[in-house]
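Please open the model in your viewer and keep the sequence panel beside it, since the tour moves by selecting residues and elements in turn.

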Amino acid sequence: SNLKLQDIWSSVLDKIEERVDDSMIFNTFLSDSKLAAIDKDTAIVLVNSSYAKEFINSSFLFELIQNTISKVTETNFKLSPNSLI
């Protein structure tokens with residue numbers, strides 16, 4: 001359900017925010033992101049621009065997001081470059 005996705009993502013973002021030293025990076029790329037869906041074993045994350053998508057895919061954030069989603073949900077969800085929309 002949507003509420004559950006929101007709750008999961010809210011927890012994920014809280015944990016990521018604690019780990020990211022630069023608040024500008026968090027605010028620019030993640031603060032208004034959403035967990036759009038979970039499709040089988042893939043988490044589909046909505047980001048605010050194609051630039052955000054490229055930045056996340058090519059930075060430490062990608063692994064951090066994936067690991068944090070897995071930790072929060074206690075499930076090994078994959079994040080794929082195509083799952084950032």
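**The nonpolar core**

In this predicted model, begin by selecting L30, I56 and I65, which touch the most other members among the 24 residues of the largest nonpolar core. Then colour the elements that each supply at least two residues of this core, namely α1 (2-19), α2 (23-29), β2, α3 (50-57) and α4 (60-73); of these, α1 gives the most, with six residues. Nonpolar side chains in soluble globular proteins tend to be buried together. Centre next on I56 and display its contacts, which, leaving aside residues up to four places away in sequence, are F29, L30, V47, L61, F62, I65 and L84.

**The hairpin**

Move on to strand β2 (residues 42-46), where four of the five residues are buried, so that the strand is largely enclosed by the rest of the structure. Add strand β1 (residues 34-39) to the selection, and you will have the antiparallel partner of β2, paired with it over five bridges; one residue to pick out is I38, whose bridge partner in β2 is A43. Two residues lie between the strands of this hairpin, and K40 takes a positive phi near 55° there.

**The salt bridge**

Finally, select K78 and D41, whose side chains meet in a salt bridge at 2.2 Å, N to O. Because K78 lies in the segment after α4 and D41 in the loop between β1 and β2, the pair ties together parts that are 37 residues apart in sequence. Are these residues buried or exposed? K78 counts as partly exposed at 44% relative accessibility, and D41 likewise counts as partly exposed, at 33%. The structure holds one salt bridge.

Key: Residues are numbered from 1 along each chain as its sequence is written. This is a predicted model: local features need pLDDT of at least 70, side-chain atom pairs count only at pLDDT 80 or more; totals for chains, interfaces and linings use all residues. Side-chain values use heavy atoms; hydrogens and water are left out. Buried means under 20% relative accessible area, exposed over 50%, partly exposed in between (1.4 Å probe, protein chains only). Two strands pair if DSSP finds at least two bridges between them. A nonpolar core is a set of buried Ala, Val, Leu, Ile, Met, Phe, Trp, Tyr and Cys residues joined through side-chain atoms within 4.5 Å. Contact means heavy atoms within 4.5 Å. A salt bridge is a side-chain nitrogen of Lys or Arg within 4 Å of a carboxyl oxygen of Asp or Glu.
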